[in-house]
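Here is a short set of exercises to work through with the model open in your viewer. Try each task before reading its solution.

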Amino acid sequence: MQLQNAAVDKLNPNKNLTDEQQHLVEKIENFAKKNLNQNKHAVFTIYGDAGTGKSVVLSKIFYDFQQMAKQSGILEGTQNHFLVNHPEILKVYKNIAGDEPNVLKKNFNRPTSFINSMNKNGMHSDITIVDEAHLLLSRSDHYNNFYQDNQLTEIIKKSKVTIIVFDHRQVLRTKMFWNEEMLRRLLEPYHNDEYHLTKQFRMTASQKLVDWINSFTDGYLEKIPNDAKQNYDFKVFEDAEEMRKTIVKKNKQVGLSRIVSTSGYPSTLDGGKHYVIEGNFKMPWDQYNFTQTPWAEIPETINEVGSIFTCQGFDLNYVGVILGPPISLSNDGQTIDVNLNKFTDVESLKKRPDMKNDESFEKIKKQLILNSINVLMKRGVHGLYIFAHDKNLRAKLLSLFKNIK
């Protein structure tokens, strides 16, 4: 079985870039050189939806910085760091590091470890790159040994130049709550620049289908575009078990095909495992991955249901998405309802002192759940399959799918 779209290959700094990506690399490298010895901290932000090539740009930039640090010039002798808050993605970068000159595994770290180490040793970083900055903590979290108010603020304080990527649609937890307004307000005191990546590189789907996904996860159920199946395997399933069988078939053909799901399935510990059950469909949630191999690239995980914790930031060839019990069709038949009482990942939506438990906080929590759907739906390079637990939503999606001309 050929393993297409492996994460190590996708993030390899030697990967050929598009003209736009190469231009962005040069723009950011010039930004770093210009601001490295200024009195003011500098921050460059790359905005872009899932699959727009943000991480491969960062990988290339960091590789270049590490080569320049060993050569005569402005960056000679610089101490640079690459931070990733997602443990599965961190594994990929560390796997790449071992094969690249001057790019060491110790250059890659989790944000909390970086902040605490810098504070403890009274050190600073010259250039710090942050992948998935939307996953940074925006409040203290003693469970994760972070005691300040905001991780990005602390990273900027400890770095002459900071480079981040940000996607407001991938904010998933209240303790990591961000929006663009908050980010811009935080960056205002610093020298800053930005760039917006818009071209979709992961999904071979039409732009109209990508827009449909964005609209769905903004809470609106629109007509499925007529080109949804053009060069892309898009399908709505009436039966979750049939969707699983299709995913297994695709996995045998090309690999990297998995079932994933939103939260919303109460714990029914059976043999020590937590199961997702939909009619004849019964599979356990993903288990904690102790290996250095990304979850989706472990052959046995074809028998597990993936989640945002194992799939965010990764490519799958084909993805089957289960929309769990919290997601339903509203009475008007045009919008998506989110029932917070049916959401089972309570840790993701915990109260925070600076957000009152009022109507606006309820709205934020619902949007975070919708964001998780956006993350899951955008995993599939060649295909997206959908099954909805709510019978009304399922019927509506099937009707819209059958009406594609």
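This is a predicted model, in which local features need pLDDT of at least 70 and side-chain atom pairs count only at pLDDT 80 or more, while totals for chains, interfaces and linings use all residues. Residues are numbered from 1 along each chain as its sequence is written, and side-chain values use heavy atoms, with hydrogens and water left out.

**Exercise 1.** Find the buried residues of helix α9 and what covers them.

*Solution.* Start with the element itself: helices (H or I, at least four residues) and strands (E, at least two) are DSSP runs, numbered from the N terminus. Next, apply the burial cut-offs: buried means under 20% relative accessible area, exposed over 50%, partly exposed in between, with a 1.4 Å probe and protein chains only. In α9 (residues 240-254), the buried residues are Ala240, Glu241, Met243, Ile247, Lys250, Asn251 and Val254. Finally, look for contacts, meaning heavy atoms within 4.5 Å. The cover over these residues includes β7, β8, β9, β10, β12 and β15.

**Exercise 2.** What lies at each end of α9?

*Solution.* At the N-terminal end, Asp239 acts as the cap, with a side-chain oxygen 2.9 Å from the backbone nitrogen of Glu241. After the helix comes Gly255, whose phi is positive, near 75 degrees.

**Exercise 3.** Which side chains of strand β7 are buried, and which strand does β7 join?

*Solution.* Recall the general pattern first: in a regular strand, side chains alternate between the two faces of the sheet. In β7 (residues 233-236), Phe234 and Val236 point to one face and are buried, while Asp233 and Lys235 point to the other and are not. Then check the pairing, which requires at least two DSSP bridges between two strands. Four bridges join β7 to β15 (residues 380-388), and the two run parallel. Val236 stands opposite Ile386 in β15.

**Exercise 4.** Give the strand order of the six-stranded open sheet and explain why β3 and β6 each have a side without a neighbour.

*Solution.* The order is β3-β2-β4-β5-β1-β6, with parallel pairing. β3 and β6 stand at the edges with a single partner strand each, so one side of each is left without a neighbour in the sheet. Inspect one pair: five bridges join β4 (residues 125-131) to β5 (residues 159-166), and Val130 stands opposite Ile164.

**Exercise 5.** Is Asn371 buried or exposed, and which residues does Asn371 contact?

*Solution.* Asn371 lies in helix α11 (residues 359-377). Its relative accessibility is 6%, so Asn371 counts as buried. Leaving aside neighbours within four places in sequence, Asn371 is in contact with His168, Arg169, Val171 and Leu172.

How values were computed
Polar contact = N/O pair within 3.5 Å; in protein donor to acceptor, adjacent residues only side chain to side chain.
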